[in-house]
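User: Can you walk me through this one? I'd like to start with the DNA side, then look at a sheet.

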There are 2 protein chains.
Amino acid sequence: MNRIKAVKSLAALAQETRLEAFRLLVQAGPDGLAAGDLAVQLDISPPALSFHLRSLTQAGLVRGRQDGRFIYYSADYGAMQSLVGFLTENCCGGAACAPAGASGRKSIARRMS
Amino acid sequence: MNRIKAVKSLAALAQETRLEAFRLLVQAGPDGLAAGDLAVQLDISPPALSFHLRSLTQAGLVRGRQDGRFIYYSADYGAMQSLVGFLTENCCGGAACAPAGASGRKSIARRMS
DNA sequence: CAATCAGTTCAATAATTGTTTAACTCTTTA
DNA sequence: TAAAGAGTTAAACAATTATTGAACTGATTG
């Protein structure tokens with residue numbers, strides 16, 4: 001992940017609706033969610049959703065696959081991993097920001113020297 | 001870290017100049033860098049720098065301390081840790097995105113199930 | 001094949017964000 | 001205390017991003 005791509009990814013996530021959309025897709029798992037379902041859950045219009053999904057897709061954080069007349073969107077976990085990796089490597093002073101298994105539990109290395 | 005604050009932090013970092021500014025401040029260490037030095041390194045005007053530092057500061061990613069007629073800005077590592085923690089906990093499907101010691105080395109858990 | 005459904009694209013507009021120049025504040029130095 | 005340095009604030013403008021409603025495309029169903 002380079003600076004340019006990181007900025008694009010950060011920009012994609014730097015908006016309430018899109019961050020929430022991404023979170024929902026992560027929760028939904030690999031199969032993802034149909035665009036319509038997402039629109040309902042986010043309570044936004046189809047064009048608005050399309051607009052936001054486009055920026056998430058272009059950032060590579062999300063993929064869509066057509067199935068019949070539905071389009072299922074799903075989160076690209078690897079892309080988020082890359083982003084977190086970039087932030088950790090470039091913006092955390094060289095120390096680990098998110099120790100393994102940090103999901104909810106307190107971090108072991110809370111502060112960096 | 002909550003969604004609102006995460007969006008604010010992401011937005012602060014979602015811009016070339018600011019991401020680079022933050023990276024420079026991380027590199028500079030706890031003492032930080034005088035605003036003027038930052039402006040030179042980023043090759044932007046003082047008002048432009050002020051504008052960008054304001055968003056970083058308001059996001060809590062950066063602090064300024066006045067010293068004589070200089071203002072030294074420094075990165076708040078804890079804030080970045082919180083952000084990475086938020087992304088890991090909310091947007092990585094519950095698995096760790098950035099295993100401890102991920103600084104440069106390959107991740108052990110590359111893909112999540 | 002006409003009608004409907006799911007979603008996107010387009011065009012217009014509103015709102016936010018970034019840049020620039022000028023004026024200002026605060027601190028130091030002569 | 002006047003002048004100069006470091007940085008911020010303000011105001012005007014440009015550019016980008018977000019929202020809305022209408023029209024469009026492609027797939028299914030009657």
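Analyst: Sure. This is a predicted model. Four elements each supply at least two residues of the surface near DNA strand C: helix H3 (35-42), helix H4 (46-58) and strand E3 (70-75) of chain A, together with helix H4 (46-58) of chain B.

User: Which element gives the most to that surface near DNA strand C?

Analyst: H4(A), with 6 residues.

User: And which residues come nearest to DNA strand C?

Analyst: A:Gly36, A:Pro46, A:Pro47, B:Pro47 and B:Gly68, out of 23 residues around the strand.

User: How do the residues of that surface divide into nonpolar, polar and charged?

Analyst: There are 12 nonpolar, 8 polar and 3 charged residues near DNA strand C.

User: B:Gly68 was on that list. Where does B:Gly68 sit in chain B?

Analyst: In the hairpin of E2(B) and E3(B). The hairpin has 2 residues between the strands, and B:Gly68 takes a positive phi near 65°.

User: How many bridges hold that pair, E2 and E3 of chain B?

Analyst: E2(B), residues 62-67, pairs with E3(B) over 6 bridges, in the antiparallel sense. Among the facing residues, B:Gln66 is opposite B:Ile71. B:Arg65 is opposite B:Tyr72.

User: What does B:Tyr72 face on the E1 side?

Analyst: B:Ala34 has B:Tyr72 as its bridge partner in E3(B). Strand E1 of chain B (residues 33-34) and E3(B) (residues 70-75) run antiparallel, joined by 2 bridges.

User: What is the strand order in the chain B sheet?

Analyst: E1-E3-E2, three strands in an open sheet with antiparallel pairing. E1 and E2 of chain B are at the edges with a single partner strand each, so each has one side without a neighbour in the sheet.

User: Which helix packs on the sheet?

Analyst: Helix H2 of chain B, residues 16-28. H2 touches E1, E2 and E3 of chain B.

User: What angle does its direction make with that of E3(B)?

Analyst: About 90° between H2 of chain B and E3(B).

How values were computed
Residues are numbered from 1 along each chain as its sequence is written. Chains are lettered from A and ligands numbered from 1 in the order in which they are written. This is a predicted model: local features need pLDDT of at least 70, side-chain atom pairs count only at pLDDT 80 or more; totals for chains, interfaces and linings use all residues. A residue is near a molecule or strand if its C-beta atom, placed from the backbone, lies within 6 Å of it. Ala, Val, Leu, Ile, Met, Phe, Trp, Tyr, Cys and Pro count as nonpolar, Asp, Glu, Lys and Arg as charged, and the others, Gly among them, as polar. Two strands pair if DSSP finds at least two bridges between them. Two residues are in contact if their C-beta atoms, placed from the backbone, lie within 7 Å. Axes are lines fitted to C-alpha atoms, for helices over the stretch in contact, and angles run from 0 to 180 degrees between N-to-C directions.
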